[in-house]
Structures are given as C-alpha cells and as structure tokens.
Amino acid sequence: MQNLSAKIGVQIKPVFQSKKISQVLAPKEKKPPIVNNQCVVYKFQCDLCDTDYVGYTTRHLHQRIGEHKHSAIGRHLEDYGLSKSDLKDKQFSILRKCRTKFDCLIFEMLFIKELKPGLNTQMDSIRAKLFT
Ligand SMILES: [Zn+2]
C-alpha cells in the first residue's frame, strides 16, 4: 500500500472507514413492529366481516395475539372455516399506548363503549376483570 501510494503519487485511503463510536452507539430511529409493544389497548379487525374485538395487554402484543388463537377470535376464524394460524399480526392495531395496567383497563372500557366491538362479551367488561 505504502509503495503503491508512492509510485502513483496519490494517497490511497481505505474505502470503508471505521465508524465512529458515537455512530455505533447512537439509538436507531427505526420503529419497532407494533407486536413488540407492551401495555397497550388494541383492536382486532376481522378482514372477512365487520366484526372486531378490543382488548388490552400489559405484556408484548404478540404474546396476546398468540393466545387469541384460542379465544373468541380464534373461534370466529373457525366459523369461517379458517384455521387458527390465519390469525395475522396485521389484523391488530394499537388504539392506545398505556403506562399502567389501570390505564389499560380504563381505556379498554372506553373503547369498548365507543366501538361496541362484535366479539367482546360481558366477560370482557371492566367489572368482570376487576372482580374475578
Ligand atoms: Zn369476521
């Protein structure tokens, strides 16, 4: 490298310069997928009919989606002759990001009242959740 530089009379620099440490440690701006959210009120929207479901989770949304394969949502898909694995992340959206479980309960209640989701039952009401 040194000899070559001297021969052709220009300074040869490596093409790939090593990154500055600040660049490496800088937080990535990329948004995480919605299923990695925690403590959220979410909505399931069936893509075959108008029916929907509102719920909350204090864990990662993807864990809750997994459980819904065995809930009213999973049964709803089966009513259409679909399998539980047809439940897709993209059918879920986040209505509200919460800070506490209490926030989740309150906003879930408000959204259920507002949206009247077809798949929610009495068991999903705030009273049922607080007293069971
Ligand atoms: Zn449906």
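Tyr42 is buried, and so is Phe92, and these two residues offer a convenient way into this structure, which is a predicted model.

The structure holds two aromatic pairs. In one of them, Tyr42 and Phe92 come together in a tilted arrangement, with 5.9 Å from centre to centre and 50 degrees between the planes. This pair links distant parts of the chain, since Tyr42 belongs to strand β1 (residues 38-45) and Phe92 to strand β3 (residues 92-97), 50 residues apart. The rings of Phe44 and Phe92 also form a tilted pair, their centres being 5.4 Å apart and their planes at 55 degrees. Because Phe44 lies in strand β1 and Phe92 in strand β3, this pair ties together parts that are 48 residues apart in sequence. Through these ring pairs, Tyr42, Phe44 and Phe92 are linked into a cluster. The relative accessible area of Phe44 is 0%, so Phe44 counts as buried, and Phe92 is buried with a value of 3%.

The two pairs can be set side by side as follows.

| Aromatic pair | Centre to centre | Angle between planes |
|---|---|---|
| Tyr42 and Phe92 | 5.9 Å | 50 degrees |
| Phe44 and Phe92 | 5.4 Å | 55 degrees |

The strands that carry these rings belong to an open sheet, in which three strands follow the order β2-β1-β3 with antiparallel pairing. The edge strands are β2 (52-60) and β3, each of which pairs on one side only, and the twist from one strand to the next averages 35 degrees. Between β1 and β2 the antiparallel pairing extends over seven bridges, and within this part of the sheet Tyr42 stands opposite Gly55 in β2. The helix α5 lies across β1, β2 and β3, and runs at about 170 degrees to β2.

A further contact of an aromatic ring involves a charge: the charged end of Arg96 sits over the ring of Phe107, at 4.0 Å from its centre.

Which residues are the protein donors of the zinc ion? They are Cys46 through SG, Cys49 through SG and His76 through NE2, and they lie 2.0 to 2.2 Å from the ion. Along the sequence, the spacing of these donor residues is C-x2-C-x26-H. The two cysteines can also be described by their accessibility: Cys46 has a relative accessibility of 3% and therefore counts as buried, whereas Cys49, with a relative accessible area of 23%, is partly exposed.

Two residues deserve a separate word for their backbone angles. Most residues other than glycine have a negative phi, and most peptide bonds are trans. Against that background, Cys39 has a phi near 60 degrees, a positive value in a residue other than glycine. Cys39 is found in strand β1 and is buried, with a relative accessible area of 11%. Lys116 likewise has a positive phi, near 45 degrees, and is a residue other than glycine. Is Lys116 buried or exposed? Lys116 is exposed, with a relative accessible area of 65%, and its place is in the loop between α5 (101-115) and α6 (126-130).

Notes: Residues numbered from 1 in each chain as written. Predicted model: local features only at pLDDT ≥ 70, side-chain atom pairs only at ≥ 80, totals over all residues. Heavy atoms only, no water. Donors = N, O, S within 2.8 Å, 3.2 Å for Na, K, Ca; no water. Buried < 20%, exposed > 50% of the residue type's maximum accessible area, 1.4 Å probe, protein only. Phe/Tyr/Trp six-rings, centres within 6.5 Å; stacked < 30°, edge-to-face > 60°. Helix = DSSP H or I, 4+ residues; strand = E, 2+ residues; numbered from the N terminus. Lys NZ or Arg CZ within 6 Å of the ring centre and 35° of its normal. Pairing = 2+ DSSP bridges. Axes fitted to C-alpha atoms, helices over the stretch in contact; angles between N-to-C directions. Contact = heavy atoms within 4.5 Å.
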